[in-house]
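Thank you all for coming; I would like to walk slowly through one structure today. Please have a look at it on the screen before I begin.

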Amino acid sequence: MTDSAPVVIGLDLGTTSTKAVAFTTAGEQVSSASHGYPLETPHPGYAVQDPQAILAAAYAAAAEVVRDVGVDRVAGISFSSAMHSLLGLDADYRPITPVVTWGDTRAGAQAERLRASVGGLALHRRTGTPLHPMSPLPKLVWFREQEPKLHESVAFWAGIKDFVLVRMCGALVVDHSLASASGLMDIHTLRWDDEALALAGIGPEQLPELVPTRHVLPGLTDEAAEAMGLPADTRVVVGAGDGPLANLGVGAVEPGVAACSIGTSGALRVAVDHPAVDPQGGVFCYALTEDRWVVGGAINNGGATLDWARTLVAPELGPGSERELLALAARARPGSGGLVMLPYLLSERAPHWSALPKGAYIGITRAHSREHFIRAALEGVCLQLGLVMQSMQAAGLEITQVRATGGVTKSELWRTVLAAALDMRVDFAEGQEGSGFGAALLGMEALGLIESIDIAADLIAVQDSVRPDPATAAVYRQLEPVFAELYGQLVPTFQSLRRLTPSLPVTLVDEPGDG
């Protein structure tokens, strides 16, 4: 591939930073840049960001890559974005709220009420989005109930990518992928859902125009062209959500091939050719393109669970000591001596989709050591992904292969436990920029540079494959029903603790007394 080969810049609007990555049509990464921004938590349950800071980061990251590769090589820009964000705009598209991110849980009560309603499950299955506080629908209900004057003053409700695009290209549009993660679009008709809009207290005219993920915007605003150093006629592909694009980015685009990612959090998703949600509503269903969908579930607690366990039982190891921590965990046998951890430190998403649960260790005895506690935390994360897989199978999906990525999957112990918990061979893909690469591939197809995104499977090499150890897999098959039933059995306890928690502060006292 020559230095003059055209590139598409995948612009990935993430939760903590925006990353721009330039790829050739052969899948070669030639440049990247990242610019960060803070996640603000001004009140309990809030997780918000400044939309102007994200726009500035997008401009800065793209400009850095353009300078590096040369403006003449840039065939276009294609977007990926964190899902479930919401912000209010005035009639001139200026923000009048911060970006309310997926991690904002203030709409927990509204989500629970919607989920428990007579039509709650039908709404989930129709829109593809679980009724969870991450979703824009419960967030809008919260604004309608808790901030009615602000709710009434908003001219347009949008996601962060919609805001960046209207500033970059002058068009207020939302792709089918992010719309399918809003709880507001009927995934079967690709139209805004009347019942969902009524619950949110808004009309379709207050939402961006729905467009396909491969929709091409013909040019840039003067502001964007100057900020990124690109010609005004640079084409921009609207793109999709980072979850579906992560499947594309690891080559998991064929039916039966699931993508598993474990970083701070985790997810398991499989591509299908039609929308589907299981009868119990345990999975989401988000669009990649009009004829390709991604079904699966995300979990809040991935590698962060092990980091918490380190601070609790091995604080002397300090940050960055994953190798030493996992060496301790490896000393405990599979099943952790009957110690089970529910890893719900940050509540949980799939398959229960509730902000209610808390973390728990079950089965503690004097015989258990810190090695057991650490391993039980790791096993809890992988068993939770196993529950997600069961919900995907309940939706009628056959999963024949898993491709895994994420920082923790570099560990041999993580790999062996994951393969045994899923009871399936797991392939570990060559490192790519995940959703950023997926955005670039989708852009290449939209711009006519490649024939189909199906080439993704050929571009991503498998570095390693791990088959489940039969004895370990047998242990986890025995533990799975115990692990699965604990959530339902503990719901009354979680509810009682939620009532009590406001009167039981978690902060430490300066001077211990007798109390």
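In which sense, parallel or antiparallel, do β21 and β22 pair, and over how many bridges? They pair in the parallel sense, over three bridges, and I should say at once that what we are looking at is a predicted model. For those who are new to this, the strands of a sheet pair through backbone hydrogen bonds, either parallel or antiparallel. One place to find the pairing on your screen is Arg403, which stands opposite Asp427 in β22.

If we follow the chain from β21 through helix α14, residues 412-422, and on to β22, we have traced a right-handed β-α-β unit. Strand β22 itself, residues 426-429, is covered on both of its faces, with Val426 and Phe428 buried on one side and Asp427 and Ala429 buried on the other.

Let us now step back to the whole sheet, which is open and has seven strands in the order β17-β18-β16-β15-β21-β22-β23, with mixed pairing. Its edge strands are β17 (284-289) and β23 (462-466), each of which pairs on one side only, and neighbouring strands are turned against each other by 25 degrees on average, if direction is ignored. On one side of β21 we find β15, residues 257-262, which runs parallel to β21 and is joined to it by five bridges; there, Val257 stands opposite Gln401. At the other end of our tour, β22 and β23 pair in the antiparallel sense over four bridges, and Ala429 has Val462 in β23 as its bridge partner.

Next, the nonpolar cores. The largest has 104 residues, and among those with the most contacts inside it are Trp192, Val402 and Trp414, while the largest share of this core, 13 residues, comes from helix α13, residues 370-394. A second, separate core has 45 residues, including Phe156 and Phe163.

Finally, I would like to spend a moment on Tyr344, which lies in the loop between β19 (340-342) and β20 (360-362). Is Tyr344 buried or exposed? Its relative accessible area is 1%, and because anything under 20% counts as buried, Tyr344 is buried. Leaving aside neighbours within four places in sequence, Tyr344 is in contact with several residues, among them Asn301, His352, Phe483 and Tyr487. Gln384 is also one of these contacts, and here the two side chains make a polar contact at 2.7 Å.

Conventions. Residues are numbered from 1 along each chain as its sequence is written. This is a predicted model: local features need pLDDT of at least 70, side-chain atom pairs count only at pLDDT 80 or more; totals for chains, interfaces and linings use all residues. Side-chain values use heavy atoms; hydrogens and water are left out. Two strands pair if DSSP finds at least two bridges between them. Helices (H or I, at least four residues) and strands (E, at least two) are DSSP runs, numbered from the N terminus. Axes are lines fitted to C-alpha atoms, for helices over the stretch in contact, and angles run from 0 to 180 degrees between N-to-C directions. A nonpolar core is a set of buried Ala, Val, Leu, Ile, Met, Phe, Trp, Tyr and Cys residues joined through side-chain atoms within 4.5 Å. Buried means under 20% relative accessible area, exposed over 50%, partly exposed in between (1.4 Å probe, protein chains only). A crossover is right-handed if, with the strands pointing away from the viewer, the path from the first strand over the helix to the second runs clockwise. Contact means heavy atoms within 4.5 Å. A polar contact is a pair of N or O atoms within 3.5 Å; within protein, one must be able to donate a hydrogen and the other to accept it, and residues adjacent in sequence count only if both atoms are side-chain atoms.
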